Amino acid sequence: MKFNKLFLIGLAPIFLLSACGTNQETKPSSDNEPGSSEPSSPGDGSNKSILSNAFKEMGEEIAYVAASKPRTRSMVDMPEIDKKIQLATPSGLVYVAGKLYENEGFDCSNKVVEFSEVYDMESGPDTPTMVADITLSLMIDVDIANNKAKIYIDEIIDATQESMHMYTDAYMFLEFDYNFTTNKLGDFKAWNKADVYLNGSETPNTGINYAVRQGEELKKIDTATQDAEYNTVVNQIETFIALFDSKAETKTVADATTARKYGESFIAGQNYINEIINGYGSIDFHNK
């Protein structure tokens with residue numbers, strides 16, 4: 001039996017499902033081929049992105065040839081299938097942070113706040129319930145004047161589904177350009193690292209992910225290409241973890257009553273994002 005990993009965007013191991021396979025490119029037919037329509041003018045707005053990418057690609061490729069260097073790409077275009085895998089989990093937890101701020105007295109600005117609750121997760125009418133003891137720790141760093149924001153998250157999930165047991169310790173870090181006046185999100189970056197232990201294993205399956213949206217481009221790290229850029233991402237993740245853990249030494253831990261209130265925000269945030277991404281299943285407190 002397998003865990004239903006596509007249920008609940010708050011279940012951190014989702015981003016470990018991203019593949020490191022090959023990226024296939026579909027090349028358009030030449031505009032000069034018989035029967036093709038007349039090409040648009042290079043100045044047409046519809047062609048600007050194509051021309052921008054094409055000439056950057058050509059220039060970069062020629063430069064590698066000139067330097068006699070092998071060309072590797074650790075950052076690649078993100079396939080459509082990877083968007084939910086890599087972005088759904090952090091999107092849900094970012095939204096949960098907003099729901100938490102609806103609670104009187106809640107504040108995780110430059111300090112770590114932690115709360116724990118046990119949830120029942122249903123992924124469908126014919127699937128067994130997953131019971132998940134989740135500890136969520138988070139901290140934000142916001143610069144409203146300069147339209148910048150960061151969020152640091154550590155999500156520990158101790159989950160059981162019939163005979164299967166999974167323990168996950170997942171870190172997520174996101175950096176945003178966000179206009180606090182117009183409430184518009186611009187570019188963003190998302191770093192993820194998770195250690196997953198299955199059925200009492202002492203050795204975890206460890207995975208990392210890194211995604212960047214810049215303008216209209218959405219890229220992810222190709223973990224099979226461990227070049228200088230990949231090493232930079234790994235070092236960034238470790239730096240974030242070190243900073244977060246140092247702040248966590250003086251973290252605020254919610255008592256049972258407060259944790260239940262925060263858990264309500266967690267459930268509401270998960271369900272709301274689940275609707276947007278057309279997820280399935282439900283989440284509720286295990287002990288009502």
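**Fold and local environments of the predicted chain**

Of the contacts in the chain with a separation of 6 or more, 63% join residues 24 or more positions apart, a contact being defined as heavy atoms within 4.5 Å. The structure is a predicted model, in which local features need pLDDT of at least 70 and side-chain atom pairs count only at pLDDT 80 or more, whereas totals for chains, interfaces and linings use all residues. Residues are numbered from 1 along each chain as its sequence is written, and side-chain values use heavy atoms, with hydrogens and water left out.

Four helices and ten strands are present in the chain; these elements are DSSP runs numbered from the N terminus, helices being H or I runs of at least four residues and strands E runs of at least two. Their order along the sequence is α-β-α-β-β-β-β-β-β-β-α-β-α-β. The chain comprises 288 residues, of which 38% are buried. Buried denotes a relative accessible area under 20%, exposed one over 50%, and partly exposed a value in between (1.4 Å probe, protein chains only). The accessible surface amounts to about 16,200 Å², with 50% belonging to carbon and sulfur atoms, as computed by the Shrake-Rupley method with a 1.4 Å probe; for residues, only the protein chains shown count as cover.

Helix α2 (residues 80-100) packs against helix α4 (residues 256-276) at an angle of about 135°, and the two axes are 8 Å apart. Axes here are lines fitted to C-alpha atoms, for helices over the stretch in contact, and angles run from 0 to 180 degrees between N-to-C directions. α2 and α4 are therefore oblique to each other, given that angles under 35 degrees count as roughly parallel, over 145 as roughly antiparallel, 65 to 115 as roughly perpendicular and the rest as oblique. The residues of the contact of α2 with α4 comprise ten nonpolar, five polar and one charged. In this classification Ala, Val, Leu, Ile, Met, Phe, Trp, Tyr, Cys and Pro are nonpolar, Asp, Glu, Lys and Arg are charged, and the others, Gly among them, are polar. On the α2 side the contact is formed by A88, S91, G92, L93, Y95, V96, K99 and L100, which meet Y262, S265, F266, A268, G269, Q270, Y272 and I273 of α4.

Y101 is located in the loop between α2 and β2 (113-122) and is partly exposed, at 34% relative accessibility. Although Y101 and Y262 are 161 residues apart along the chain, their C-alpha atoms are separated by 9.4 Å. Beyond residues up to four places away in sequence, Y101 touches F106, D107, C108, S109 and I140.

Y171, in strand β5 (residues 164-179), is buried, with a relative accessible area of 11%. Apart from neighbours within four places in sequence, Y171 is in contact with I153, D154, W191, N192, K193, I241, F244 and D245. The last of these, D245, belongs to helix α3 (residues 228-248) and is partly exposed, with a relative accessible area of 33%. D245 and D154 lie 91 residues apart in sequence, with a C-alpha to C-alpha distance of 9.4 Å.

Positive phi values occur in two loop residues flanking this strand in sequence. E162, in the loop between β4 (148-161) and β5, has a phi near 55° and is exposed, at 56% relative accessibility. N183, in the loop between β5 and β6 (184-198), likewise has a phi near 55° and is exposed, with a relative accessible area of 51%.
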